[in-house]
Amino acid sequence: MDFSTQTNGNVSVITVEAERIDAAVAISFKDKMREQMANFSGRMILDLNKVSFIDSSGLGAIVAAMKLMPAGGKLELAGLTPAVDKVFRMTRMDSIFTIHDSAQEARAQSA
């Protein structure tokens, strides 16, 4: 599971460099997110624009990452592809996460 990260002040954009977040990579995803969150307490935007498939394990990994956020931190999502967006809407996770159309839009909005 690879990420690319851009941090500007208290906003960090983490782009998932994979087409799938599923049972095969869920543990690796959580471990990488834990590393990203170490000593970070701002807005973290998870850019999923390259992810075309997510299963229940992947969804659980993202929820687990949200729960790992340090106090004062916030995990937001951006760039959901249609299939991934559908999973978030069907499971009503779209009411739990702030979801932006793109990472650029998310960056432009204040917390």
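## A walk from Arg92 to the core

At 64% relative accessibility, Arg92 counts as exposed, so select Arg92 as the opening stop. Keep in mind as you click around that this is a predicted model. Arg92 sits in the loop between helix 3 and strand 7 (99-100). Check its backbone too: phi is positive, about 60 degrees, although Arg92 is not a glycine. Most residues other than glycine have a negative phi.

Stay in that loop and pick Phe97, which also lies between helix 3 and strand 7. Is Phe97 buried or exposed? Its relative accessible area is 4%, so Phe97 is buried. Show what surrounds it: setting aside neighbours within four places in sequence, Phe97 is in contact with Ile62, Val63, Met66, Leu75, Leu77 and Phe88. If you like a distance label, draw one from Phe97 to Ala78: the C-alpha atoms are 10.0 Å apart, with the two positions 19 residues apart in sequence terms.

Now step back to helix 3 and select Val84. Val84 is buried, with a relative accessible area of 1%. Which residues does Val84 touch, leaving aside its neighbours within four places in sequence? They are Leu48, Val51, Ser52, Phe53 and Ile54. Put a label on the Val84 and Ser52 pair: the two are 32 residues apart along the chain, yet their C-alpha atoms are separated by 6.4 Å.

Next, colour helix 1 (residues 26-37) and helix 2 (residues 56-68). Their axes come within 9 Å and cross at roughly 20 degrees. Because angles under 35 degrees count as roughly parallel, helix 1 is roughly parallel to helix 2. The crossing of this pair is right-handed. To see who meets whom, show side chains for Ala26, Phe29, Lys30, Met33, Arg34 and Met37 on helix 1, and for Ser57, Ala61, Ile62, Ala64, Ala65 and Leu68 on helix 2. By class, that contact between helix 1 and helix 2 has nine nonpolar, one polar and two charged residues.

From there, go to the middle of things. Nonpolar side chains in soluble globular proteins tend to be buried together. Here the largest nonpolar core has 29 residues, and those that touch the most other members are Val16, Phe29, Met33, Leu46, Leu48, Ile62 and Phe88. Which elements give two or more residues to this core? Strand 2 (11-16), helix 1, strand 4 (43-47), helix 2, strand 6 (74-78) and helix 3 (82-90) do. Helix 2 gives the most, with five residues.

Zoom in on Leu46. Not counting residues up to four places away in sequence, Leu46 touches Ile14, Val16, Phe29, Met33, Ile62, Leu75, Glu76, Leu77 and Ala78. Apart from the largest core lies another one, of six residues, among them Val11, Val13, Ile45 and Ala78.

For the last stop, follow Leu46 to one of its contacts, Glu76. Glu76 is found in strand 6. At 2% relative accessibility, Glu76 counts as buried. Light up its partners beyond four places in sequence: Arg43, Met44, Ile45, Leu46, Thr98 and His100.

Conventions: Residues are numbered from 1 along each chain as its sequence is written. This is a predicted model: local features need pLDDT of at least 70, side-chain atom pairs count only at pLDDT 80 or more; totals for chains, interfaces and linings use all residues. Side-chain values use heavy atoms; hydrogens and water are left out. Axes are lines fitted to C-alpha atoms, for helices over the stretch in contact, and angles run from 0 to 180 degrees between N-to-C directions. Helices (H or I, at least four residues) and strands (E, at least two) are DSSP runs, numbered from the N terminus. Angles under 35 degrees count as roughly parallel, over 145 as roughly antiparallel, 65 to 115 as roughly perpendicular and the rest as oblique. A crossing is left-handed if the near helix is turned anticlockwise from the far one by less than a right angle, and right-handed if clockwise. Contact means heavy atoms within 4.5 Å. Ala, Val, Leu, Ile, Met, Phe, Trp, Tyr, Cys and Pro count as nonpolar, Asp, Glu, Lys and Arg as charged, and the others, Gly among them, as polar. A nonpolar core is a set of buried Ala, Val, Leu, Ile, Met, Phe, Trp, Tyr and Cys residues joined through side-chain atoms within 4.5 Å. Buried means under 20% relative accessible area, exposed over 50%, partly exposed in between (1.4 Å probe, protein chains only).
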